[in-house]
Amino acid sequence: MPEGDTVWRVARRLREALAGRPLTRCDLRTPRLATVDLTGREVLDVVPRGKHLLTRFEGGLTLHSHLRMDGAWQIYAPAERWRGGPAHQIRAILGTTAHTAVGYRLPVLDLLRTPDESRVVGHLGPDLLGPDWDPAQALGRLLSAPERPLGEALLDQRNLAGIGNVYRCELCFLLRASPWTPVGRLPRPERVPALAKKLLEANKHRPARATTPWGQRPDPFGGRGAARSDRRLWVYGRAGRSCLRCGTAIRSADEDPASGERVTYWCPACQPDRPDAPPTD
């Protein structure tokens, strides 16, 4: 599932392609919106909110979309061939004289009045990449359920908006805490929102996410080296490989065997069950 930094980049591309121009084409391919035509309305802005996208039009209307696991917005020039998937996967087409934005496999697509945006995003906590970011409020929400496992609390968008499974695993590693450690047992819980903010800010301009020092350095091989790509992240996707900090084999656990969508990765040596225990590296 795309995380906050990815959604931030999608919003920026959509804004650059569409904002300030009237639509010359509008095709919303969902049953509830099939008769809606926004042609002629100017696109005012495209705003990311956690993992949600809000495309605002003149006349006080907002198109709300969410990418979930497989959704994508692609931008095409007028004569460019569309390559985002087969035609039956297209859920939205927003075109201007300069560009066409095509939404593929969008599981969420709603049209609402702009003043009513809180109906779809009002439940979210402070946005890690948004103007409403408030670390004190995010910390207060995290600590409101002190017995909740850290990994679970990080994924709850009502606490702080924008963290998905990759950042969940990477944050727990950098905090040297097991994902199953209760939030209230963290020795310095104020580090959680501060570190989450730092990671997403550092990656919002990067097409290839990196949380390690090696992944953040310039690549003399143009990003094609296997060793470099294997060292972009500390634990996520590295089950069975050596921990980049201590050499212990990274472990993984499927928290939802039925779907296989959410796998936890952690280093059993660097992330003790007691976060105040000394690391073993």
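**Figure 1. Salt bridges across the whole structure.** A search of the whole predicted model turns up 16 salt bridges. Side chains of opposite charge can pair when their charged atoms come close. The views that follow zoom in on some of these pairs.

**Figure 2. Arg 113 meets Asp 116.** In this view, look for the salt bridge between the side chains of Arg 113 and Asp 116, with an N to O distance of 3.1 Å. Arg 113 is partly exposed, at a relative accessible area of 47%. Its partner, Asp 116, is also partly exposed, with 30% relative accessibility.

**Figure 3. Glu 190 meets Arg 188.** Here the side chains of Glu 190 and Arg 188 form a salt bridge, at 3.6 Å from N to O. How exposed is each partner? Glu 190 has a relative accessible area of 41% and is partly exposed. Arg 188 reaches 52%, so it counts as exposed, the cut-off being over 50%.

**Figure 4. Arg 238 meets Asp 230.** Is Arg 238 buried or exposed? With a relative accessible area of 4%, Arg 238 is buried, because buried means under 20%. Arg 238 pairs with Asp 230 in a salt bridge, and their closest N and O atoms lie 3.7 Å apart. Asp 230, for its part, is partly exposed at 26% relative accessibility.

**Figure 5. A network of salt bridges.** Which residues are joined into one network by salt bridges that share partners? They are Arg 148, Glu 152, Asp 156 and Arg 158. Try finding these four residues in the structure and tracing how shared partners link them.

Conventions:
Residues numbered from 1 in each chain as written. Predicted model: local features only at pLDDT ≥ 70, side-chain atom pairs only at ≥ 80, totals over all residues. Heavy atoms only, no water. Buried < 20%, exposed > 50% of the residue type's maximum accessible area, 1.4 Å probe, protein only.
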